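Student: Please choose one part of this structure and go through it closely. I would like to know how it is put together and what lies around it.

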Amino acid sequence: MTGADDAATEARDAAFAETVRRAGASIGALYLLAPDERQLSLDVLFGAPADFAAPWATVPVTAPAPVAEAVREDRMVWVGSQEELARSYPRTAMALPYPLAMAAAPVTGVRRWGVLLLMWPATRPPYMTQRERGHIASSCGRLARLLEEAVGNRPLPVPGDRPRALAAGTGRRSTGPALAAADLIERLPGGSCALDLEGRVTYLSSGACELLGRDAGELLGTLPWQALRWLDDPAYEDRYRAAVISREPVAFTACRPPDLWLDFHMFPDASGITIRIVPSGAADPPVPAARHTGRTVTPARAGRLYQLTHLAAALTEVVSVQDVIELVADQIMPAFEAQALVLSSAEGGRLRITGYRGYDPRTIERLDGLPLDTALTPAGQVLGSGVPAFFRDPEEMRRVHPEAVPISGKQAWAFLPLIVSGRPVGCCILSYDQPHTFPAEDRAVMTSLAGLIAQALDRARLYDTKHGLAHNLQQALLPRALPKVTGLRVAARYLPATRGMDIGGDFYDLIPLGDQVVAAVIGDVQGHDAAAAALMGQVRTAVHAHSTLGTTPDRVLSATNRLLIDLGTDLFTSCLYAHLDLAGRRATLASAGHPPPIMRVPDRGTGPLDVPPGPLLGIDPDAVFPLTEIPLTPGLLLAFYTDGLIETPGADLDDSIAGLARHLAHADDRDLDGLIDTLVGQTAASGQRADDIALLVLHHAMTR
């Protein structure tokens, strides 16, 4: 990094720290967007130690989290209380189980740079004024300009593995140690001690030393729950974390052996925590005067517990095998400071590598497909025994597995078997570029996570199998290509629902009936699963068969309707059928409960075409489907679509159709595939889709 880069970073840090202070926030975080715009990485933190941010140091842009939503939707996200956080963003609430309010605002200039996250104690009002929003938006603009000035035309530097934590005095003149001592005295006199935001002891009064039974020299610079064995309980460390995050006073009671009960009252601010320590004066400990009572936990550090909880919640949300790989690589690897990863699955007596990070592809080629009983790597033995293995350096690896060949250049490894109900499904290997010690706490957490990864991987493999079958079925049921028709330009698109099996009942077709006669069809079978897709195939086949007989649109729909009634299906179908006679320049349409097509005529405007619909197919055997006839004028454009393109919860359907017409009115028709991209991108369908979508666009070419 050059001197200019250092100066730019210092200026950005100062502006960021000043933004946090001006907003009255207790904690601030600046996330930067990765070059591929798929992940947010925490660059700098203010008001809390870097270790606190471990569960949320990297956030996928698709994650259900305030910072991800802010950058996805390019808007400020406000969460006024812990209850609202738990309701709207449960995974984030698991990582931050403290009373607080927060705002996430996009940092955007010439492009999207990242997100500013601000947190306040729960004592602030649960709403944000327009003035506050304006100040935050202005500060985000300033941060964006500083980033643009620093980066220029170069790519944005990727944040380091560990975010930078700014001191409380960043961006303003230091007030020196005298003020820190004065602050301590002002907070609380008496038997007191002070912690910095990292939790290390910075000051002890003589009364505190007497009550704790230690000299100041033994405790200064240490973490209390590590220096004093009787405070080595995650519940006490959790009280410290609660004070730092919530910025509210916290209290707990602990027993100094053999029988001295002490009350600890913690008073936090932006520079640290003052603790008043007094004898409780009771034989039995009173209930702590904290907002939240202590909880029963296993003997592991509180930070690790929250991290484990956060990662466990994230693993329940992954869908595909690729999702599992990305989660392990983006969140679990950094959590344990690993530099590389191999995730393999057990298939046919061999270890097939499904994903990796930090390895040379040539090394992966040598490792892929090894038999489970190979001696080249301990992975097979670990998977067979179900017992994880940890090697802190190559010497330990050689001592335990002398036949293992050092081919990767890595210096330490954690081999974690992935077992589901006693059945091996794979192996997860975390590796390090330097020798690495695995404390008992890390081993316990890794082993617990391995079980969760195994279940997630097993579910994901099943999903991928079903997804592949569904995708192949869908592709087989839809037209492979649309026929070429003289005088008519066509384009079509099918988009599956983003939830479910990636399959549905929407369909389209273009059926040649002569040299310049063609039938255009679009339909929607109720549901988006395999049953809907199967029925869709039958409906499309029936429509195609009756169309080739030369019958009118109303008769095609009537015959298809009778077929569905004879099949006795419980699924209903909407359908729009158009008979286009290009030579005669006439189009005849009939609808079975389908949304109206959008028609754009040169010099006459754009809007929904009035096609009186008959009932849905499969309901009434005597249904009548009225005919509508329109002239096929040169330059006319018709857009057929299914309701997945226009339906939005809470929105009026007519308003949605009118909005689609407005988008079509201004769309460029020189590239019909690009026009479809525009229509899909400017509607609610561009995000999460609860329903599948079919879209068929027809353009009657201008005669020359």
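Tutor: Two strands count as paired if DSSP finds at least two bridges between them. Keep that in mind for the part chosen here, a sheet in what is a predicted model.

The sheet is open and has six strands in the order β15-β14-β13-β18-β17-β16, with antiparallel pairing. β15 (370-371) and β16 (389-391) are the edge strands; each has a single partner, so one side of each has no neighbour in the sheet.

Take β13 (340-347) as the starting point. Seven of the eight residues of β13 are buried, so this strand is mostly covered. On one side β13 pairs with β14 (residues 350-357) through seven antiparallel bridges. Within that pair, Glu347 stands opposite Arg350 of β14. The two strands make a hairpin with two residues between them, and Gly348 in its turn has a positive phi of about 60 degrees. β13 also pairs with β18, in the antiparallel sense and over six bridges. One example is Val342, whose bridge partner in β18 is Ile429.

Ahead of β13 is another residue with a positive phi. Glu337 sits in the loop between α12 (321-335) and β13. Its phi is about 60 degrees, although the residue is not a glycine. Is Glu337 buried or exposed? Its relative accessibility is 55%, which is over 50%, so Glu337 counts as exposed.

Now the β16 end of the sheet. Three bridges join β16 to β17, and these strands run antiparallel. Ala389 has Phe415 of β17 as its bridge partner. A helix, α16 (residues 440-477), packs on the sheet and touches β13, β16, β17 and β18 (423-432). The direction of α16 makes about 50 degrees with that of β17.

Lys410 deserves a separate look. This residue is in the loop between α15 (394-400) and β17 (412-420). Despite its charged side chain being a lysine's, what matters here is the computed value: a relative accessible area of 9% is under 20%, so Lys410 counts as buried. Which polar partners does the side chain of Lys410 have? A polar atom of this side chain lies 3.0 Å from the backbone oxygen of Gly358. The side chain of Lys410 also makes a polar contact of 3.0 Å with that of Asp433. Setting aside neighbours within four places in sequence, the residues in contact with Lys410 are Ala340, Gly358, Tyr359, Pro394, Ser431, Tyr432 and Asp433. Ala340 belongs to β13 by its number, while Ser431 and Tyr432 fall within β18.

Some other places in the chain complete the picture. Arg247 lies in the loop between α10 (234-246) and β10. Like Glu337, Arg247 is not a glycine and has a positive phi, here near 60 degrees. Arg247 is buried, with a relative accessible area of 12%. In the loop between β10 (250-256) and β11 (260-269) is Pro258. The peptide bond from Pro257 to Pro258 is cis, and its omega is near 5 degrees.

Next, the nonpolar cores. In soluble globular proteins, nonpolar side chains tend to be buried together. Here the largest nonpolar core has 64 residues, of which Tyr31, Phe264 and Ile277 touch the most other members. α10 supplies the largest share of this core, six residues. Apart from neighbours within four places in sequence, Ile277 is in contact with Gly191, Cys193, Ala208, Leu211, Leu212, Leu262, Asp263 and Phe264. A second core, separate from this one, has 50 residues, among them Leu477, Cys575, Met599 and Leu638. By its number, Leu477 is also the last residue of α16, the helix on the sheet.

The cysteines are last. How many disulfides does the structure hold? The count is zero. For Cys209, the nearest cysteine sulfur is that of Cys193, 9.0 Å away, and Cys209 is in no disulfide. Cys209 is buried at 13% relative accessibility, and Cys140 is buried with a relative accessible area of 2%.

Conventions. Residues are numbered from 1 along each chain as its sequence is written. This is a predicted model: local features need pLDDT of at least 70, side-chain atom pairs count only at pLDDT 80 or more; totals for chains, interfaces and linings use all residues. Side-chain values use heavy atoms; hydrogens and water are left out. Helices (H or I, at least four residues) and strands (E, at least two) are DSSP runs, numbered from the N terminus. Buried means under 20% relative accessible area, exposed over 50%, partly exposed in between (1.4 Å probe, protein chains only). A polar contact is a pair of N or O atoms within 3.5 Å; within protein, one must be able to donate a hydrogen and the other to accept it, and residues adjacent in sequence count only if both atoms are side-chain atoms. Contact means heavy atoms within 4.5 Å. Axes are lines fitted to C-alpha atoms, for helices over the stretch in contact, and angles run from 0 to 180 degrees between N-to-C directions. A disulfide is a pair of cysteine sulfur atoms within 2.5 Å. A nonpolar core is a set of buried Ala, Val, Leu, Ile, Met, Phe, Trp, Tyr and Cys residues joined through side-chain atoms within 4.5 Å.
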